[in-house]
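Let's take a walk through this protein, from its charged pairs to its overall outline. Keep the viewer open and follow along.

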Amino acid sequence: MAQYASEVSLAINQPSGSVLIRFVDPIEKKLVAEVYVSVKTFKQMAILTRRLLKEYEAKEGPVALRPEEYEKLGVAPEDW
């Protein structure tokens with residue numbers, strides 16, 4: 001499977017409650033995609049993403065992140 005890195009940013013727009021998801025090519029620094037969804041849809045996506053990741057890791061093994069990636073996200077590796 002090809003590896004593709006992307007810089008992802010998330011922001012909740014107040015007061016509308018829409019979520020902006022931006023994907024930027026880290027090499028060319030170009031915007032690849034910009035998606036707006038409701039907070040409810042974003043929560044559904046988060047739940048489904050976590051479920052799919054757990055299923056994938058059960059079959060293929062853990063997806064490793066570097067310690068600085070966990071630190072940047074503000075979570076501990078054991079929380080994932």
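A salt bridge here means a side-chain nitrogen of Lys or Arg within 4 Å of a carboxyl oxygen of Asp or Glu. In general, side chains of opposite charge can pair when their charged atoms come close. By that cut-off, the structure holds 5 salt bridges.

A word on the ground rules before we look at them. This is a predicted model, in which local features need pLDDT of at least 70 and side-chain atom pairs count only at pLDDT 80 or more, while totals for chains, interfaces and linings use all residues. Residues are numbered from 1 along each chain as its sequence is written, and side-chain values use heavy atoms, with hydrogens and water left out.

To get your bearings, trace the chain from its start: the pattern is β-β-β-α-α, so to speak three strands and two helices, where helices (H or I, at least four residues) and strands (E, at least two) are DSSP runs numbered from the N terminus.

Now for the salt bridges themselves. Start with lysine 29 and glutamate 7, whose side chains meet at 2.8 Å, N to O. This pair links distant parts of the chain, 22 residues apart: glutamate 7 belongs to strand S1 (residues 7–13), and lysine 29 sits in the loop between strand S2 (18–24) and strand S3 (31–38). How covered are the two partners? Lysine 29 is exposed at 55% relative accessibility, whereas glutamate 7 is partly exposed at 37%. For these labels, buried means under 20% relative accessible area, exposed over 50%, and partly exposed in between (1.4 Å probe, protein chains only). Lysine 29 also has a backbone quirk to look up: its phi is near 55°, a positive value in a residue other than glycine.

Next, find glutamate 34 and arginine 22, another salt bridge, at 3.0 Å from N to O. Glutamate 34 lies in strand S3 and arginine 22 in strand S2, so this pair ties together parts 12 residues apart in sequence. Both ends are partly exposed, glutamate 34 with a relative accessible area of 39% and arginine 22 with 30%.

Further along the chain, arginine 66 forms a salt bridge with glutamate 69, and their closest N and O atoms are 3.8 Å apart. Salt bridges that share partners join Arg66, Glu68 and Glu69 into one network. Within it, glutamate 69 is partly exposed, with a relative accessible area of 26%.

For something more covered, turn to serine 18 in strand S2. Serine 18 is buried, at 18% relative accessible area. Which residues does serine 18 contact, leaving aside its neighbours within four places in sequence? They are Ala11, Ile12, Asn13, Tyr36 and Val37, with contact meaning heavy atoms within 4.5 Å.

Finally, zoom out. Buried residues make up 11% of the 80 residues. The radius of gyration, taken over C-alpha atoms, is 15 Å, whereas a compact globule of 80 residues would have one near 12 Å, by a rule of 2.2 Å times the number of residues to the power 0.38. Along its principal axes, the C-alpha trace spans about 40 × 30 × 25 Å. Of the contacts between residues at least 6 apart in sequence, 12% join residues at least 24 apart.
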